[in-house]
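Here are some notes to read alongside the model you asked about. Have it open while you go through them.

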Amino acid sequence: MATEITTKDILERGYFPKELPPPFTTKSFANNYSNLSESEPGEKESLCLRYSYSKYATVRRTLSIPNPAHIGPLAEAVSEYWSKISEHCQKSKLSRTIPIVDENK
């Protein structure tokens, strides 16, 4: 059976790319997400925030960070259906990896 995952887990640990410097975290967003008011989103689409970092020497890589207004509801849906998502991923014969919840983080 799949380990349960919460909306807070996703928002706190799985939202920002690992390449962002340590000052950038989503812990405060995750801790306060349930306190945010439900409001009608003005836009149904939004652009990602772009962040460029040096991969090595003169080579740069651009990361995209999605709008949190869209990530919150997505995290809620993933946590609600996590057992079904995990079960479905376990069946794949094509994927070399499967989602694993790291309980040590």
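Which backbone oxygen does the side chain of Thr-26 reach? Keep that one in mind; the answer comes in point 3.

1. **What you're looking at.** First things first: this is a predicted model. The protein has four helices and two strands. Follow the sequence along and you meet them in the pattern α-α-β-β-α-α, with the strands in the middle of that order.

2. **Surface and contacts.** Of the 105 residues, 19% count as buried. The protein exposes about 8,600 Å², and carbon and sulfur atoms supply 53% of that area. As for contacts with a separation of 6 or more, 54% are between residues 24 or more positions apart. A couple of the pairs below reach across the sequence like that, so to speak: one spans 27 residues and another 42.

3. **Thr-26, and the answer to the opening question.** Thr-26 sits in the loop between helix 1 and helix 2. Its side chain reaches the backbone oxygen of Glu-12, at 3.2 Å. Is Thr-26 buried or exposed? It counts as buried, because its relative accessibility is 4% and the cut-off for buried is under 20%. Setting aside neighbours within four places in sequence, Thr-26 is in contact with Leu-11, Glu-12, Tyr-15 and Phe-16. So Glu-12 turns up twice for Thr-26, once as the owner of that backbone oxygen and once in the list of contacts.

4. **Aromatic pairs.** How many of these does the protein have? The count comes to two aromatic pairs. One is Phe-24 with Tyr-51, a tilted pair with 6.2 Å centre to centre and 55° between the planes. This pair links distant parts of the chain: Phe-24 is in the loop between helix 1 (7-13) and helix 2 (27-32), while Tyr-51 belongs to strand 1 (residues 49-56), 27 residues apart. Phe-24 is partly exposed, at 46% relative accessible area, and Tyr-51 counts as partly exposed too, at 25%.

5. **The other aromatic pair.** Phe-29 and Tyr-33 pair edge-to-face, with 5.7 Å centre to centre and 75° between the planes. Both Phe-29 and Tyr-33 are buried, whereas Phe-24 and Tyr-51 are partly exposed.

6. **A salt bridge inside helix 1.** Side chains of opposite charge can pair when their charged atoms come close. A search of the whole structure finds two salt bridges. In one of them, the side chains of Arg-13 and Asp-9 meet at 3.7 Å, N to O. Both residues lie in helix 1, four residues apart, which is about one turn of the helix. Arg-13 counts as partly exposed at 30% relative accessibility, and Asp-9 is partly exposed at 21%.

7. **A salt bridge across the sequence.** The side chains of Glu-19 and Arg-61 also form a salt bridge, at 3.3 Å, N to O. Why does this pair tie together parts that are 42 residues apart in sequence? Because Glu-19 lies in the loop between helix 1 and helix 2, and Arg-61 in strand 2 (residues 59-65). Glu-19 is partly exposed, with a relative accessible area of 26%, and Arg-61 is partly exposed as well, at 35%.

Definitions and conventions
Residues are numbered from 1 along each chain as its sequence is written. This is a predicted model: local features need pLDDT of at least 70, side-chain atom pairs count only at pLDDT 80 or more; totals for chains, interfaces and linings use all residues. Side-chain values use heavy atoms; hydrogens and water are left out. Buried means under 20% relative accessible area, exposed over 50%, partly exposed in between (1.4 Å probe, protein chains only). Contact means heavy atoms within 4.5 Å. Accessible areas come from the Shrake-Rupley method with a 1.4 Å probe; for residues, only the protein chains shown count as cover. Rings of Phe, Tyr and Trp (its six-membered ring) pair if their centres lie within 6.5 Å; planes under 30 degrees apart count as stacked, over 60 as edge-to-face and the rest as tilted. A polar contact is a pair of N or O atoms within 3.5 Å; within protein, one must be able to donate a hydrogen and the other to accept it, and residues adjacent in sequence count only if both atoms are side-chain atoms. A salt bridge is a side-chain nitrogen of Lys or Arg within 4 Å of a carboxyl oxygen of Asp or Glu.
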